[in-house]
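Visitor: Hi, I'd like a hand reading a protein model. Could you put it up and walk me through it?

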Amino acid sequence: MNIDLDALVQQNIKNLKAYKVEDLQEGIKLHANENPYAPPEELIEAFQARLGQFALNRYPDPECRRLKQAIAQRTGRPEDHLVIGNGSDELIQLLLQIFCGPGDAIVFPDPTFAMYSLIARGMGLTPVPVPLDEHWDFKARDLLAAAETHRARLVFLSYPNNPTGNCFSRAEIQTVVEQFSGIVVLDEAYHDFARQSFISEMDAHNNLVVLRSLSKIGLAGLRVGYAVADPKVVAEINKVRLPYNSNTVSQAFAEQLLREFSPVERQIDVILKERERLAGELKDLGRLTVFPSDSNFILFRVDGDGRSLFEALMAGGVLVRDLSAHPRLNHCLRVTVGTREENDQFLAQVRKALA
Ligand SMILES: Cc1ncc(COP(=O)(O)O)c(C=O)c1O
């Protein structure tokens, strides 16, 4: 049998392009907003000692009980308000699956994290971007108007926002949460760098879902994210979530990292200091517009050709993210804050390329 595979594929899937990030075999990777520091040595050692005790021939705990206990302790939210995802990406997909039917709309400020739109389109939904203003902020009335016009089921707010780096105005978010009669997903993937959150609003608003990720604080390779939500939402997610979506090793390591968090806090403090230094040095070059960041990355616009700078950096062994495909992000690059040495090498390459 040799069938026409193309003819079988759904049109909305055919129209998509696979999410692709450029990679570099050797060199400095400042393109994916990861933590440049490995998990603390003592944690790795303690974990190695435990490895033999894992029953890897058994399925993982489908409820992720111990990990949820650790998250409950850190967030102050009870365990029945928590769901673990294989990265927070998975939770975005599950939320769309639960709350949206074919053709339904979702609203988000734009530019923002590309996966909201990409996952929605893959599910036959209608993404409705609402342009951010020149400060990369939005007005609740515009977002609410778009949501009403398109009868949106969900609003996604990245807080802080990727790729612009900033936190949107708290008051505007608050208005959306209070007035939107659908689900508001507050994606707090970069919470640890902004140290601001909407979790405290959850008792008053059952339409609020907060997403968090461990990818930005050292465990990108283990794929651990979680949602904090009303227990009714949690129950719905648990119906569609694959039973063993979080593996044994990821659960155990994430639990340990969250229980002994102070070394990670120290890494975050260093990253925040480096972010300020990096932003200052980029501004001093005088040829770049550097946007304020509450995250572990910095967005900047090149006064000149952004793609050429991206390629020059790549040739010099430094990978950043080229965002210029987005019409609002012409000549814009995004750099993740690395270690001091990585940042110095990045800065040296930028200076060389702009000279
Ligand atoms: C805003 C935002 N949300 C979610 C994610 C996905 O994170 P995870 O690795 O937990 O799937 C990212 C990753 O870049 C992100 O920037």
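Guide: Here is a chat about the strands, rings and helices in this model.

Guide: Before we start, this is a predicted model, where local features need pLDDT of at least 70, side-chain atom pairs count only at pLDDT 80 or more, and totals for chains, interfaces and linings use all residues. Residues are numbered from 1 along each chain as its sequence is written, and side-chain values use heavy atoms, with hydrogens and water left out.

Visitor: Cool. What's the order of the strands in the open sheet of seven?

Guide: The order is β2-β8-β7-β6-β5-β3-β4, and the pairing is mixed. Strands here are DSSP runs of E with at least two residues, helices are runs of H or I with at least four, and both are numbered from the N terminus. Two strands pair if DSSP finds at least two bridges between them.

Visitor: And which strands stand at the edges?

Guide: β2 and β4, and each has a single partner strand, so one side of each is left without a neighbour in the sheet.

Visitor: How much are neighbouring strands turned against each other?

Guide: By 20 degrees on average, direction ignored. The axes behind such angles are lines fitted to C-alpha atoms (for helices over the stretch in contact), and angles run from 0 to 180 degrees between N-to-C directions.

Visitor: Back to β2. Are its faces covered or open?

Guide: Both faces of β2, residues 82–85, are covered. Leu-82 and Ile-84 are buried on one side, and Val-83 and Gly-85 are buried on the other. Buried means under 20% relative accessible area, exposed is over 50%, and partly exposed is in between, using a 1.4 Å probe and protein chains only.

Visitor: Why do the residues split up like that?

Guide: In a regular strand the side chains alternate between the two faces of the sheet.

Visitor: How does β2 pair with β8?

Guide: They're antiparallel, over four bridges, and Gly-85 stands opposite Gly-225 in β8.

Visitor: What about β7, then?

Guide: β7 covers residues 208–213, and six of its six residues are buried. Leu-208, Val-210 and Arg-212 point one way, while Val-209, Leu-211 and Ser-213 point the other way. β7 pairs with β6 in the parallel sense over four bridges, and four bridges also join β7 to β8, this time antiparallel.

Visitor: Which residues are the bridge partners of Val-210?

Guide: Leu-186 has Val-210 as its bridge partner in β7, and in β8 the partner of Val-210 is Val-228.

Visitor: New topic: how many aromatic pairs are there?

Guide: The count comes to 11 aromatic pairs. Rings of Phe, Tyr and Trp (its six-membered ring) pair if their centres lie within 6.5 Å; planes under 30 degrees apart count as stacked, over 60 as edge-to-face and the rest as tilted. Take Phe-138 and Phe-168: their ring centres are 5.1 Å apart and their planes are at 80 degrees, so that pair is edge-to-face.

Visitor: Where do Phe-138 and Phe-168 lie?

Guide: Phe-138 lies in the loop between β4 and α7, and Phe-168 in the loop between β5 and α8, so the pair ties together parts that are 30 residues apart in sequence. Phe-138 is buried at 3% relative accessible area, and Phe-168 is buried at 2%.

Visitor: Got another pair for me?

Guide: Sure, Tyr-190 and Phe-297 form an edge-to-face pair, 5.0 Å centre to centre with 75 degrees between the planes. Tyr-190 lies in the loop between β6 and α9 and Phe-297 in strand β10, so this pair ties together parts 107 residues apart in sequence. Both Tyr-190 and Phe-297 are buried.

Visitor: And which residues form the aromatic cluster?

Guide: Phe-108, Phe-113, Tyr-116 and Phe-156. Phe-156 is in strand β5, and it is buried with a relative accessible area of 0%.

Visitor: Does anything charged come into this? I mean, which charged end sits over the ring of Phe-261?

Guide: That of Arg-74, 3.9 Å from the ring's centre. A charge sits over a ring if NZ of Lys or CZ of Arg is within 6 Å of the ring centre and within 35 degrees of the ring normal. Likewise, the charged end of Arg-170 sits over the ring of Phe-198, 4.0 Å from its centre.

Visitor: Last one: what's the order in the open sheet of four strands?

Guide: β9-β10-β13-β12, with antiparallel pairing. β10 and β13 pair over five bridges, and Ile-298 has Val-335 as its bridge partner in β13.
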